[in-house]
Amino acid sequence: MNNKNKITDKELNIPVEKPAALDALLERLTGVDRSTMIRLGGCVFCGAIVEADDFEDDLSRKEYTISGMCQKCQDHAFGIEEE
Ligand SMILES: [Zn+2]
């Protein structure tokens, strides 16, 4: 199903700016640079290549531009059980 308002692949690869200290902390935790990973379209946790269609909704897409986590890792991080 195509949602006209959905965040596109292009927008998905624009990382939300975060304080440098926070980015540095995340980089220490994950071993990868969040902004670089998002620009490359990868997940900072599992390394999967993500596309706009991989996400359930715009909220999840937006979360990706913030945290760099794919849908699967977001579900895991936020404790959503798979059905
Ligand atoms: Zn992932």
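Colleague: Leaving aside its neighbours within four places in sequence, with which residues is V44 in contact?
Modeller: This is a predicted model, and the contacts of V44 are computed from it with neighbours up to four places away in sequence left aside. V44 also belongs to the largest nonpolar core. The residues in contact with V44 are T30, V32, R34, M37, G68 and M69.

Colleague: Which residues make up the largest nonpolar core?
Modeller: In soluble globular proteins, nonpolar side chains tend to be buried together. In this protein, the largest such core has 11 residues. Its members are L12, M37, I38, C43, V44, F45, V50, F55, Y64, M69 and C70.

Colleague: Is V50 buried or exposed?
Modeller: V50 lies in the loop between helix 3 and helix 4, and leaving out residues up to four places away in sequence, V50 touches G41, G42, C43, Y64 and C70. Within 10 Å of V50 there are 25 other C-beta atoms, and a residue with 20 or more is classed as buried. V50 is therefore buried.

Colleague: How does G41, which lies in the loop between helix 3 and helix 4, count in terms of exposure?
Modeller: Not counting neighbours within four places in sequence, G41 is in contact with L12, N13, I49 and V50. G41 has 17 C-beta neighbours inside 10 Å, whereas 20 or more would be needed for a buried residue and 12 or fewer for an exposed one. G41 therefore counts as partly exposed.

Colleague: Why do the buried residues of helix 4 line one face of the helix?
Modeller: In helix 4, which covers residues 58-67, the buried residues are R61, Y64 and S67. Seen down the axis of helix 4, these buried residues line one face because they fall within an arc of 140°.

Colleague: Against which helix do the buried residues of helix 4 pack?
Modeller: The buried residues of helix 4 are R61, Y64 and S67, and Y64 is also a member of the largest nonpolar core. The partner against which the buried residues of helix 4 pack is helix 1 (9-12).

Colleague: Which residue follows helix 4, and what is its phi?
Modeller: Helix 4 ends at residue 67, and the residue that follows the helix is among the contacts of V44. The residue is G68, and its phi is positive, near 80°.

Colleague: How does I66, which is found in helix 4, count in terms of exposure?
Modeller: I66 is 40 residues from L26 in sequence, and the two are 11 Å apart in space, C-alpha to C-alpha. Inside 10 Å, I66 has 13 C-beta neighbours, a number that falls between the limits of 12 or fewer for exposed and 20 or more for buried. I66 therefore counts as partly exposed.

Colleague: Is G31 buried or exposed?
Modeller: G31 is found in the loop between helix 2 (20-30) and helix 3 (34-40), and its C-alpha is 24 Å from that of D9, with their positions 22 residues apart in sequence. There are 9 other C-beta atoms within 10 Å of G31, and 12 or fewer is the limit for this class. G31 is therefore exposed.

Colleague: What radius of gyration does the protein have?
Modeller: The protein has five helices and zero strands, and its C-alpha trace spans about 40 × 30 × 20 Å along the principal axes. With 83 residues, a compact globule would have a radius near 12 Å, and the value for the protein agrees with this. The radius of gyration is 12 Å.

Notes:
Residues are numbered from 1 along each chain as its sequence is written. This is a predicted model: local features need pLDDT of at least 70, side-chain atom pairs count only at pLDDT 80 or more; totals for chains, interfaces and linings use all residues. Helices (H or I, at least four residues) and strands (E, at least two) are DSSP runs, numbered from the N terminus. The arc is that of the directions from the helix axis to the C-beta atoms. Two residues are in contact if their C-beta atoms, placed from the backbone, lie within 7 Å. A nonpolar core is a set of buried Ala, Val, Leu, Ile, Met, Phe, Trp, Tyr and Cys residues joined through C-beta atoms within 7 Å. The radius of gyration is taken over C-alpha atoms; the globule rule is 2.2 Å times the number of residues to the power 0.38.
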